[in-house]
Amino acid sequence: MQKLNFPEYQFRFKSNENKVAIFDRIRKKFVILTPEEWVRQHTIHFLIEEKKYPQSLINVEKLIKVNDLSKRYDIIVFNPDGSIFLIIECKSHTVKITQDVFDQIARYNLALDAEYLMITNGMNHYYCQMNYTDKHYIFLKNIPDYK
């Protein structure tokens, strides 16, 4: 797999019927290793190990309704009160981060009202804080560490 712009992490792998799977510590199961999943797993480890977010506040790949359409977000980090702190959209390292990707996470956020957004393809990471009063993003150098 491609080396990503994240620290080095230890992962568990298994091979089954010519497919490699990686262990997802949030879903507590092995999932097929795709380029996007590789980015997602690095992002999960980054949140837990670098940013110190409790594993219990992280949710991965769940369905949401956006304008009556079923969509699946990549990663959400909750606040302890159950509100949404952070939404993360993960793309394969081969996918360029474009306005369309920002529009995708913005549509998800219409239903979720997160405080922060993160978009990553494993090579480039973009962080935003939502300003709901003025209805725009504030770009950041990083997301806050867990308090």
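Helices here are DSSP runs of H or I with at least four residues, numbered from the N terminus. In this predicted model, one such run is helix H1, which spans residues 35-50 and includes Gln41. With a relative accessibility of 0%, Gln41 is buried. The side chain of Gln41 nevertheless finds a polar partner, the side chain of Glu37, at 2.6 Å. Beyond the neighbours within four places in sequence, Gln41 is in contact with Phe11, Ile22, Phe23, Asp24, Arg25 and Arg27.

The sheet comes next. Three strands make up an open, antiparallel sheet in the order S1-S2-S3. Strands S1 (13-16) and S3 (29-32) occupy the edges; each has a single partner strand, so one side of each lacks a neighbour in the sheet. On average, and with direction ignored, neighbouring strands of this sheet are turned by 40° against each other. Four bridges join S1 to strand S2 (residues 19-24) in the antiparallel sense, and Asn16 has Lys19 of S2 as a bridge partner. Helix H1 packs on this sheet and touches S1, S2 and S3, with its direction at about 20° to that of S2.

Turning to the cysteines, the model contains zero disulfides. Cys90 takes part in none, and the nearest cysteine sulfur, in Cys128, is 14 Å away. Seen from Cys128, the closest cysteine sulfur is that of Cys90, and a separation of 14 Å is too far for a bond, because a disulfide requires the two sulfur atoms to be within 2.5 Å. Both residues are shielded from the surroundings of the chain in terms of accessible area: Cys90 is buried at 0% relative accessibility, and Cys128 is buried with a relative accessible area of 2%.

Key
Residues are numbered from 1 along each chain as its sequence is written. This is a predicted model: local features need pLDDT of at least 70, side-chain atom pairs count only at pLDDT 80 or more; totals for chains, interfaces and linings use all residues. Side-chain values use heavy atoms; hydrogens and water are left out. Buried means under 20% relative accessible area, exposed over 50%, partly exposed in between (1.4 Å probe, protein chains only). Helices (H or I, at least four residues) and strands (E, at least two) are DSSP runs, numbered from the N terminus. A polar contact is a pair of N or O atoms within 3.5 Å; within protein, one must be able to donate a hydrogen and the other to accept it, and residues adjacent in sequence count only if both atoms are side-chain atoms. Contact means heavy atoms within 4.5 Å. Two strands pair if DSSP finds at least two bridges between them. Axes are lines fitted to C-alpha atoms, for helices over the stretch in contact, and angles run from 0 to 180 degrees between N-to-C directions.
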